[in-house]
Amino acid sequence: MKKHKMKVKEPYFGMLQCGKKTIELRLFDEKRREINVGDEIKFVCFENDEKFFISKVIKLYKARNFKELCNQFDCLKAGFINKEELICVLDEFYSEEMQEKFGVIGIEVVKIG
């Protein structure tokens, strides 16, 4: 079991912390390739390093891009009402070129501390 650290911006940090959001979406870059089911992730608030919590990885979803990835789970688990809104926000963070270069991952977690 490995331990990882990820910074998350508000409001997504708060949604993860309270359990409203259980899937964190990222590029499947070198750092994320190290994550496996059973690992722990320390989520740290991007705006305030003193706010954090620990979660355990319970499932991983992988795809070539976010459009494909969003077909694998209910968008509510990622904190969004519908797929279109979710993809629109993700495209602000990650370009199509970056998605195609690295692929993408959905990290399903459960808060443990």
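1. **What the chain is built from.** This predicted model has a protein chain with four helices and five strands. If you walk along the sequence, you meet them in the pattern β-α-β-β-β-α-α-α-β. The radius of gyration is 13 Å, close to the 13 Å that the globule rule gives for 113 residues, so the chain is as compact as a globular protein of that length. To picture the dimensions, think of a box of roughly 35 × 30 × 25 Å along the principal axes, filled by the C-alpha atoms.

2. **Inside and outside.** Of the 113 residues, 43% count as buried. The chain exposes about 6400 Å², and carbon and sulfur atoms supply 52% of that area. As for charges, there are 22 positive and 20 negative ones, and their mean positions are 5 Å apart.

3. **Who touches whom along the chain.** Take the contacts with a separation of 6 or more: residues 24 or more positions apart account for 72% of them. Keep that in mind for the strands and the single residues below.

4. **Strand E3 and its partners.** How many of the six residues of E3 are buried? Five are, so E3 is largely enclosed by the rest of the structure. E3 pairs with E1 in the parallel sense, over six bridges. One spot to look for is Lys7, whose bridge partner in E3 is Val44. E3 also pairs with E4, this time in the antiparallel sense and again over six bridges. Here you can look for Glu40, which has Lys56 as its bridge partner in E4. The link from E3 to E4 is a hairpin through two residues.

5. **Phe43, a residue within E3.** Phe43 sits in strand E3, which covers residues 40–45. Is Phe43 buried or exposed? Its relative accessibility is 0%, and buried means under 20%, so Phe43 counts as buried. Not counting residues up to four places away in sequence, Phe43 touches ten residues by name: Met6, Val8, Phe13, Leu16, Glu24, Lys51, Phe52, Phe53, Ser55 and Val109. Try finding Lys7 as well: it is 36 residues from Phe43 along the chain, yet their C-alpha atoms are separated by 5.8 Å.

6. **Strand E5 and its partners.** E5 takes in residues 104–111 and is mostly covered, with six of its eight residues buried. Which way do E2 and E5 run relative to each other, parallel or antiparallel? They run antiparallel, and five bridges join E2 (residues 23–27) to E5. In that pairing, Leu25 has Gly106 as its bridge partner in E5. E4 (residues 48–63) is joined to E5 by eight bridges, and these two strands also run antiparallel. Look for Leu60, which stands opposite Ile107 in E5.

7. **A peptide bond worth a second look.** Most residues other than glycine have a negative phi, and most peptide bonds are trans. Which kind of bond joins Glu10 and Pro11, cis or trans? That bond is cis, with omega at about 5°. Pro11 lies in the loop between strand E1 (3–8) and helix H1 (12–18).

8. **Phe80, in a loop.** Moving on to the helices, Phe80 is found in the loop between helix H2 (66–69) and helix H3 (83–93). Its relative accessible area is 7%, so Phe80 falls in the buried class. Set aside the neighbours within four places in sequence, and Phe80 is in contact with Tyr12, Cys75, Glu85, Leu86 and Val89. Lys20 is 60 residues away from Phe80 along the chain, and the C-alpha atoms of the two are separated by 9.7 Å.

9. **Leu86, in a helix.** Leu86 belongs to helix H3. With a relative accessible area of 1%, Leu86 is buried. Its contacts, leaving aside neighbours within four places in sequence, are Leu25, Cys70, Cys75, Ala78 and Phe80. So which of these names have you met already? Leu25 is the residue bridged to Gly106 in E5, and Phe80 is the loop residue from the previous point. For a distance to check on screen, try Leu86 and Cys70: they are 16 residues apart along the chain, with C-alpha atoms separated by 8.3 Å.

Terms used
Residues numbered from 1 in each chain as written. Predicted model: local features only at pLDDT ≥ 70, side-chain atom pairs only at ≥ 80, totals over all residues. Heavy atoms only, no water. Buried < 20%, exposed > 50% of the residue type's maximum accessible area, 1.4 Å probe, protein only. Pairing = 2+ DSSP bridges. Rg over C-alpha atoms; globule rule 2.2 N^0.38 Å. Contact = heavy atoms within 4.5 Å. Areas by Shrake-Rupley, 256 points an atom, 1.4 Å probe, with all protein chains shown as cover. Lys, Arg positive; Asp, Glu negative; His and termini not counted. Charge placed at Lys NZ, Arg CZ, Asp CG, Glu CD.
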